[in-house]
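Visitor: Could you take me on a close look at a single part of this molecule? I would love one connected account.

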Amino acid sequence: MDQKPTIVAVNGSPHGGIGNTSQMIGMLRPTLTQEGFDLEIINLAELDIQYCTGCAFCMEKGKCWIDDDHRGVTERLLAAQGIVLASPVYFFSVTGQMKTFLDRSLAFGHKPRSTWKPGLAISVSAGLGETDVASYLGFLLRTFGAFPVGALTAMAVQPGGFWGKEAIEARAADLARDLARAIMENRRYPATDRDLRYYQFMGDLVRSQKDTVMGHDFRHWQEHGFYEGFQAYIQQRPAESTRDPGMREAWIKDMIEQQKEKKKTQAGGETRKARAPGAIAAKTCRELLAMMPLAFNAAAAEGLSAVYQFEVQGDETFVAHLRISEGACTFHEGPADKPNLTIKTPADVWLKISRGEISGPQAFLDGRYKVEGDMNLLLKMNRLFSR
Ligand SMILES: Cc1cc2nc3c(=O)[nH]c(=O)nc-3n(C[C@H](O)[C@H](O)[C@H](O)COP(=O)(O)O)c2cc1C
């Protein structure tokens, strides 16, 4: 029989299986079971894990010489598909049990692992410090080759006396689902500033101490190729930039021209609303687009040949395009062969922009409509349809 994938949770509370931390870990179980996962809980309070002596043996040789329960826990964590680090707040930090466990894990802390498996951080306080502790534990997940999909935090003084227990349970279910899905889909979250800082700091430290106490650590960095750069470590690379070099220039030029036109109109005693003529009369987005050739400003389109395609969704679903060529603009139903700019918009959003009820550029920045193709054409629209 195939073994179910396992999430291993380490609980640092001295209250072990009867405390609030334990109850919070337990809140993950129903969803994890539903998603086909086993949840294994390790209560540090039940184990024999001695203090770190600070001898640096692990950095030099790769493992701790103290023979107690620590090794077994780290082996479970490294083998698990997902991991959870959980601790109540003790004096604005983790408990002594958790801290001792983490200190003893130094051999892993200096050696980034190439796994990026999903993890979770959990913390509970009586009212102060749980978000800081969860953030700390989230960072420490990397020690065991994991990254945080989120943090579950709560406040409770008495056993089980959680503030807003229903909300905590709902959040636990959401996070458990995220954890399970991230594992099943091999999902990775983007690199963070903490990943970068850790990489820079630890890489330099280990290199500088390779001939003293960090020989084993240094070989690990070299063997895994981590010194080849942050990309090699993070196994992610920056996406291709979508920046169009001419776009900024065209945008500024367009703004300046609009400003000049506005001044001219004001000097002539007129005020013009930023809305397409006919926009008020049009009841539907299709009508509006069909009327756009009436607002076409041929003077602003000198030498321009372009096709604007509209893919409208929401209240209306259709594709249409406007063809601009030889100083004229025509409306056509259906898709064009080779549109120069495609605008994908909900019908109501485009109507509101055309009526001047919302700002076009702001709606674009807010992601209310999307465009593909030549962005310069988007910037030109205001002047092209402003008769
Ligand atoms: C020694 C000690 C220190 C504590 N320090 C804090 C603290 O700094 N901030 C806080 O809000 N609660 C603090 N608490 C309260 C616990 O975080 C809180 O009772 C928590 O619910 C206990 O979780 P557990 O049942 O899983 O152990 C402390 C409790 C103890 C025993």
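Guide: Happy to! A word on classes to begin with: Ala, Val, Leu, Ile, Met, Phe, Trp, Tyr, Cys and Pro count as nonpolar, Asp, Glu, Lys and Arg as charged, and the others, including Gly, as polar. Please keep in mind that this is a predicted model. By those classes, the shell around the ligand holds 10 nonpolar and eight polar residues, with no charged ones. In total, 18 residues surround the ligand, and the closest are Ser13, Gly19, Thr21, Pro88 and Ser125. Two elements, α1 (20-26) and β4 (117-125), each give two or more residues to this shell.

Both of those elements also lead us to helix α8, the part I would like to linger on: the buried residues of α8 pack against α1 and β4, as well as β1 (6-11), α2 (29-34), β3 (82-88) and β5 (146-155). Helix α8 covers residues 165-184, and its end C-alpha atoms are 28 Å apart, which agrees with the 28 Å that 20 residues should span at 1.5 Å a residue. Its buried residues are Ile168, Ala172, Leu175, Ala176, Leu179, Ala180, Ala182 and Ile183. They lie on the same side of α8, because they cover an arc of only 160 degrees around the axis. Turned away from that buried side is a face with the exposed residues Glu166, Ala167 and Ala170. Just after α8, Asn186 takes a positive phi of about 55 degrees.

For contrast, look at helix α12: among its 23 residues, the count of buried residues is zero, so to speak a helix that is hardly covered.

Terms used. Residues are numbered from 1 along each chain as its sequence is written. This is a predicted model: local features need pLDDT of at least 70, side-chain atom pairs count only at pLDDT 80 or more; totals for chains, interfaces and linings use all residues. A residue is near a molecule or strand if its C-beta atom, placed from the backbone, lies within 6 Å of it. Helices (H or I, at least four residues) and strands (E, at least two) are DSSP runs, numbered from the N terminus. A residue is buried if 20 or more other C-beta atoms lie within 10 Å of its own, exposed if 12 or fewer, and partly exposed in between; C-beta atoms are placed from the backbone. The expected span of a helix is 1.5 Å times one less than its number of residues. The arc is that of the directions from the helix axis to the C-beta atoms. Two residues are in contact if their C-beta atoms, placed from the backbone, lie within 7 Å.
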